[in-house]
Amino acid sequence: MSKKIITIGLIICLICLNLILLATLCTRQKELQQYSSNLEIMEDSLRHHILRFDNLLSNYLIMTEFQSMKIDRDLILYNTDGQIQELGKLVCQGPKLIFKYSKLNCDVCVDEQIILLKEFTEIIGSENVIIISDYDNPRELTQFVRMNQLDNEVLNLHDQEIIPFDKSLPYNFILSRHLTLQQLFIPLSGSRYLTKNYFNLILRSYFND
């Protein structure tokens with residue numbers, strides 16, 4: 001009888017040990033899964049930041065290359081009525097902030113910049129801001145103006161270019177009577193603070209009368 005009790009006791013102990021071991025393994029497995037999940041999140045975040053840094057560096061190199069570049073005086077612009085607007089006449093009343101984008105650019109990126117631009121326009125006045133795009137016809141340009149409720153002048157380049165990357169990236173610059181790309185700036189999508197800092201610089205340098 002004593003041996004039987006001892007045997008049963010050992011079996012119970014082994015079962016308890018196995019249950020404890022199983023519970024420990026389950027806990028460790030969950031911890032490993034959580035660790036693996038956290039590691040994947042960290043890797044994704046790191047890749048995201050590396051990509052943004054690469055984009056920022058690429059934008060900086062482009063801005064450096066084309067800063068102060070002369071703009072073709074014969075560049076033909078069209079207003080929403082399809083009438084020709086001379087480039088030189090745009091700056092007869094002083095420098096203008098230009099936002100240039102292409103219909104091929106990311107819609108979300110352009111929408112983000114338009115929102116920020118409208119906020120800044122309220123500060124410096126709609127007469128000091130011009131938007132330039134490359135729509136195929138005046139109807140598309142008019143539709144863009146109406147959808148975004150824009151008060152400033154919006155002009156069309158059609159298939160012309162100001163600088164070689166016109167179709168690739170939206171950008172801002174100051175247009176003066178010298179017709180050069182001054183304070184060229186390429187915004188980074190999702191980084192509103194960069195655009196706002198640029199606008200603050202523009203405000204202090206050109207429109208802080």
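Here is a short chat between a trainee and a mentor about a predicted model.

Mentor: Ground rules: residues are numbered from 1 along each chain as its sequence is written, and side-chain values use heavy atoms, leaving out hydrogens and water. Since the model is predicted, local features need pLDDT of at least 70 and side-chain atom pairs pLDDT 80 or more, while totals for chains, interfaces and linings use all residues.

Trainee: Is arginine 139 buried or exposed?
Mentor: Arginine 139 lies in helix α3 (residues 138-148); helices are DSSP runs of H or I, at least four residues, numbered from the N terminus. Buried means under 20% relative accessible area, exposed over 50%, partly exposed in between (1.4 Å probe, protein chains only). At 58% relative accessibility, arginine 139 is therefore exposed.

Trainee: How far apart are the C-alpha atoms of arginine 139 and glycine 82?
Mentor: Along the chain, the two sit 57 residues apart. In space, their C-alpha atoms are separated by 9.0 Å.

Trainee: What should helix α4 span?
Mentor: Helix α4 covers residues 192-206, so that's 15 residues at 1.5 Å a residue. The expected span is 1.5 Å times one less than the number of residues. The end C-alpha atoms agree with the expected value, 21 Å.

Trainee: Which residues of α4 are exposed on the face turned away from its buried side?
Mentor: The buried ones are Thr195, Tyr198, Phe199 and Ile202. Seen down the axis, they fall within an arc of 100° (directions from the helix axis to the C-beta atoms), so they line one face of α4. The face turned away carries Tyr193 and Arg204.

How values were computed. Helix = DSSP H or I, 4+ residues; strand = E, 2+ residues; numbered from the N terminus.
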